[in-house]
Amino acid sequence: MVLCPVIRKLLHKRVVLASASPRRQEILRQAGLRFEVVPSRFKETLPKASFPTPPAYAVETAKQKALEVARRMHQKDLRAPDVVIGADTIVAVGGLILEKPVDKQDAYSMLSRLSGKEHSVFTGVAIVHCCSRDGRLDTDVSEFYEETRVQFSELSEELLWEYIDSGEPMDKAGGYGIQALGGMLVEQVHGDFLNVVGFPLNRFCKKLAELYYPSGREDPRPAQSHQGRGGRAEDGGERTQAAGPEEAVSNRTGHSPPPFPTGLLELVDSFKASKALFTACKLKVFDLLKDGAPLKAVDVAGKLGTSACGTGRLLDACVALGFLQKTDRGYSNTETANLDHPWDLSARPESAGRDGADPPDGALGERAGPPNQASCAHSEETRLGLLRAMHSLAKLTARHVATAFDLSRFASACDLGGCTGALAHALAREYPRLRVTVFDLPEVLQHVAGFQPDGPRTEQVSFLPGDIFEDSLPEADLYVVSRILRDWPDGKVHELLSRVARACKPGEATASTSLLQNLIFV
Ligand SMILES: Cc1cn([C@H]2C[C@H](O)[C@@H](COP(=O)(O)OP(=O)(O)OP(=O)(O)O)O2)c(=O)[nH]c1=O
């Protein structure tokens, strides 16, 4: 859903975000904007002293980031996108501009400067409308900035170093991330929170409204009528050329161009994106870059024994996908890549293929077909690869699943086909009085020991071998059916759910509602 009509205005344009920042991508994606990500290669080295104010520096940097991408894309295809968005976030304290720290010592000096004081976070934004004519690129830049004031608590040395050692400060202006652990350092915020995180969404929408609705009149028509009537001539000539490049293009050609097929291209490109991710996982790129200093492509290639040119391309693809970030010092992992679990995702497709078995269809690492059949067809090594992949995926979402429902009234749960117990352990962590039984095939359970976490809650989870279609289901107040129903045809799903329904305790509610209350599907 796209709430903001101005964002809707951009849906039919080819929009590029000239930023590798995962936060910016997230904010704009959640606002419903559809865009490609092409991180800017503009070096953030403008002479700060030559700018009258810190925000002037941020705006100019944002503009140069966007223009670099527009020019590069135009040069490559002789066709620039319709709109390129660039942004730059800085922290300003006592007239000093703080960008991303270069190392831990730099993060320390930034954070100790911010301790106990108020500072300003400025994000400069440039919206560059592009038009390629006769092989020439015309650009029309609109820019603005937003200020948010942030008050920090007094930070002890111990807290400072603990925070720095978490690794969070390194890719963030001022050396902190208000949206994560860094939120603990903040006493008060005056202004737009998203501006601190990297993108002032509210001002951005206002700016778009200024550009697209200069008379102050918001477009009252629903999105359908925009598309159906084929363009902006519908605006009845009320707008002048100042109404923005969209109208200018429309007037020139007499008809609006067909909508950019973003959705279709996303589908086509998603294959390439996952292929890049798998390849990087398989080569252990993220393991190599974890917790270490940034590495240049040539050094990564040297360590992996791969070609420098191909490695450079792979690393750039990972930057565009938000898994790596690139600075002058080289490539390093983003927060997403540093999550310590997802990289076994690559295990499944390769190993299944090697066995000659059909690669499981369905999403990454999910069990394809009934587990007993699938697992019989695979060798031990392949099965272990599958388990790793399933474990990795389950861990990514387990906590979110466990907290999506209030399960505190249940004393026992049974995770049917619960595999390595990733979800079971998340449930145990969230609900200290819940005992969880993982019910899965013996050949699956014989491998699970290596996947168990250490910690006090592990005794809440137990494993019971059995076949969910053949054996009696363990008694439980709650049955969890996660990521397995899609593996079977309707008849089998019906059979399994009927078995679960028979096993469910009626409880205080009627039989039908108690089934709903006692079964979660994920
Ligand atoms: C202050 C603060 C900054 N940040 C981030 C936002 C930006 O991503 C980053 C500032 O660096 P930027 O140079 O603005 O952006 P970037 O290097 O991440 O991406 P690109 O240059 O490709 O656009 O700091 C937070 O995530 N949280 C915070 O609390």
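Biologist: Which residues of α2 are the buried ones?

Modeller: In this predicted model, Arg23, Arg24, Gln25, Ile27 and Leu28 are the buried residues of α2. Helix α2 is followed by Gly32, which has a positive phi near 95°.

Biologist: What links Arg23 to other charged residues?

Modeller: Arg23 belongs to a network of salt bridges that also includes Asp171, Lys172 and Glu335.

Biologist: What makes the contact of Glu335 with Lys172 a salt bridge?

Modeller: The closest N and O atoms of Glu335 and Lys172 are 2.5 Å apart. The cut-off for such a pair is 4 Å, and the contact therefore counts as a salt bridge. The pair links distant parts of the chain, 163 residues apart: Glu335 is in helix α14 (residues 335-338), while Lys172 is in the loop between α5 (157-165) and β7 (186-190).

Biologist: Why is Lys172 called buried?

Modeller: Its relative accessibility is 5%. The term requires a value under 20%, so Lys172 qualifies as buried.

Biologist: Into which class does its partner Glu335 fall, and why?

Modeller: Glu335 has a relative accessible area of 39%. Buried would require under 20% and exposed over 50%; Glu335 lies in between and is therefore partly exposed.

Biologist: How many salt bridges does a search of the whole structure find?

Modeller: The search finds 20 salt bridges. One of the pairs is Glu146 with Arg203, where the closest N and O atoms are 3.7 Å apart. Glu146 is in strand β6 (residues 136-152) and Arg203 in helix α7 (residues 201-212), so this salt bridge ties together parts that are 57 residues apart in sequence.

Biologist: Is Glu146 buried or exposed, and how do you know?

Modeller: Glu146 has a relative accessible area of 16%, and the limit for a buried residue is under 20%; Glu146 is therefore buried. For Arg203 the relative accessibility is 29%. That value falls between the limits of 20% and 50%, so Arg203 counts as partly exposed.

Biologist: Why are Lys207 and Glu210 separated by about one helical turn?

Modeller: The reason is that Lys207 and Glu210 are three residues apart in helix α7. Their side chains meet in a salt bridge, at 3.4 Å from N to O, which satisfies the cut-off of 4 Å. Lys207 has 15% relative accessibility and therefore counts as buried, given the limit of under 20%.

Biologist: Which residues are the closest to the ligand?

Modeller: Of the 21 residues that surround the ligand, the closest are Ser19, Arg24, Lys65, Lys100 and Ile178. Arg24 is also one of the buried residues of α2.

Biologist: How do you know that Ser21 makes a polar contact with the ligand?

Modeller: An N or O atom in the side chain of Ser21 is 2.9 Å from an oxygen atom of the ligand. The limit for a polar contact is 3.5 Å, so the pair qualifies. The side chain of Glu44 has an N or O atom 3.1 Å from a ligand oxygen, and a backbone N or O atom of Ile178 lies 2.7 Å from a ligand oxygen. The protein covers 94% of the 600 Å² of accessible area that the ligand has on its own.

Biologist: Which elements give two or more residues to the shell around the ligand?

Modeller: These elements are α2 (22-30), β3 (83-93) and α6 (193-197). Strand β3 gives the most, with three residues. By class, the shell contains eight charged, seven nonpolar and six polar residues.

Biologist: Why is Leu264 called exposed?

Modeller: The relative accessible area of Leu264 is 55%. Exposed means over 50%, so the term applies to Leu264. Leu264 is found in helix α10 (residues 262-282) and, with Leu267 and Val268, makes a nonpolar surface patch of about 320 Å².

Biologist: Is Leu315 buried or exposed, and why?

Modeller: Leu315, in helix α13 (residues 308-320), has a relative accessible area of 0%. That is under 20%, and Leu315 is therefore buried. The C-alpha atoms of Leu315 and Val285 are separated by 8.6 Å, with their positions 30 residues apart along the chain.

Notes:
Residues numbered from 1 in each chain as written. Predicted model: local features only at pLDDT ≥ 70, side-chain atom pairs only at ≥ 80, totals over all residues. Heavy atoms only, no water. Near = heavy atom within 4 Å. Polar contact = N/O pair within 3.5 Å; in protein donor to acceptor, adjacent residues only side chain to side chain. Areas by Shrake-Rupley, 256 points an atom, 1.4 Å probe, with all protein chains shown as cover. Helix = DSSP H or I, 4+ residues; strand = E, 2+ residues; numbered from the N terminus. Nonpolar A, V, L, I, M, F, W, Y, C, P; charged D, E, K, R; others polar. Patch = residues over 30% accessible without salt bridge, like charges linked within 9 Å, V, L, I, M, F, W, Y side chains within 5 Å. Buried < 20%, exposed > 50% of the residue type's maximum accessible area, 1.4 Å probe, protein only.
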